[in-house]
Amino acid sequence: MQEATHLLSDETFMRNALELAQDAWSMGEVPVGAVVVKDGEIIGRGFNSPILHHDPTAHAEIRAILDAATKLKNYRLVDCSLYVTLEPCAMCAGAIMQARIARLIYGARDAKTGACGSVVDLFAYPQLNHHTEVVAGILTDDCAILLKEFFAEKRKAGIDERNQN
């Protein structure tokens, strides 16, 4: 019963991350969203915004971690969980470790830059001093479909622009 309750809360928080991913899309950014949760409450929110902020580090995870750290007035996010719609890259996995996030829950795998098992698994190295629990596959289809639709729209727009010339 406790596992079923945990899954329901994981899905609820992932839906919050999906809403943030939609915000990213509406701004022309790759639709990835993230929330940081502590004691059942969202304390950090973020979505991809490297184009908007002219910042290659402005990934959803980084933005959510920064938001949570600011609210807690602490760079350590001990006992926090991070929900993100796409498997984190190496940069974000490093930030998750540095923040000491206890649990990472992600939706869609990233076959090109995923650093939580798809390309490399940074959390599997026993030499590293912090070990985040990783849970993959929460609302995978919803997360993957959002990304596929975004890139399909971008490709179609590119084709339409080329046909106008």
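Two strands are said to pair if DSSP finds at least two bridges between them. In this predicted model, strands E3 and E4 pair in the parallel sense over 5 bridges, and one of the contacts between them joins Leu-86 to its bridge partner Ala-108 in E4. Between these two strands the chain passes through helix H4 (residues 90-99), and the β-α-β crossover that takes it from E3 to E4 is right-handed. Strand E4 also runs parallel to E5, to which it is joined by 4 bridges, and here Arg-103 has Glu-133 in E5 as its bridge partner. Strand E4 is mostly covered, since 6 of its 6 residues are buried.

**Salt bridges**

The structure holds 4 salt bridges, and three of the pairs are set out in the table below.

| Salt bridge | Closest N to O distance |
|---|---|
| Asp-10 and Arg-103 | 2.9 Å |
| Lys-71 and Asp-67 | 3.1 Å |
| Arg-103 and Glu-133 | 3.8 Å |

Asp-10 forms a salt bridge with Arg-103. Because Asp-10 lies in helix H1 (residues 2-26) and Arg-103 in strand E4 (residues 103-108), this pair ties together parts that are 93 residues apart in sequence. Both of these residues, Asp-10 and Arg-103, are buried; for Arg-103 the relative accessible area is 9%, and the limit for a buried residue is under 20%.

The side chain of Arg-103 also meets that of Glu-133 in a salt bridge. Since Arg-103 belongs to strand E4 and Glu-133 to strand E5 (residues 133-136), the pair ties together parts that are 30 residues apart in sequence. Glu-133, with a relative accessibility of 44%, counts as partly exposed. Taken together, Asp-10, Arg-103 and Glu-133 are linked in a network of salt bridges.

Where do Lys-71 and Asp-67 lie, and how many residues apart are they? Both are in helix H3 (residues 60-72), 4 residues apart, which is about one turn of the helix. Lys-71 counts as partly exposed at 47% relative accessibility, and Asp-67 also counts as partly exposed, at 24%.

**Aromatic pairs**

A search of the whole structure finds 3 aromatic pairs. In one of them, the rings of Phe-13 and Tyr-83 have their centres 5.3 Å apart and their planes at 45°, so the pair is tilted; an angle under 30 degrees would count as stacked and one over 60 as edge-to-face. Phe-13 lies in helix H1 and Tyr-83 in strand E3 (residues 80-86), so this pair ties together parts that are 70 residues apart in sequence. Both Phe-13 and Tyr-83 are buried.

Another aromatic pair, formed by Trp-25 and Phe-150, is edge-to-face, with 5.5 Å from centre to centre and 85° between the planes. This pair links distant parts of the chain, because Trp-25 is in helix H1 and Phe-150 is in helix H5 (residues 140-164), 125 residues apart. Trp-25 is buried, with a relative accessible area of 17%, and Phe-150 also counts as buried, at 2% relative accessibility. Trp-25 and Phe-150 belong, along with Phe-151, to one aromatic cluster.

**Bringing the parts together**

Helix H1 contains Asp-10, whose salt-bridge partner Arg-103 lies in strand E4, and H1 also holds Phe-13, which pairs with Tyr-83 in strand E3. Strands E3 and E4 are themselves paired in the parallel sense. Trp-25, likewise in helix H1, pairs with Phe-150 in helix H5.

Definitions and conventions
Residues numbered from 1 in each chain as written. Predicted model: local features only at pLDDT ≥ 70, side-chain atom pairs only at ≥ 80, totals over all residues. Heavy atoms only, no water. Buried < 20%, exposed > 50% of the residue type's maximum accessible area, 1.4 Å probe, protein only. Phe/Tyr/Trp six-rings, centres within 6.5 Å; stacked < 30°, edge-to-face > 60°. Right-handed = clockwise from strand over helix to strand, strands pointing away.
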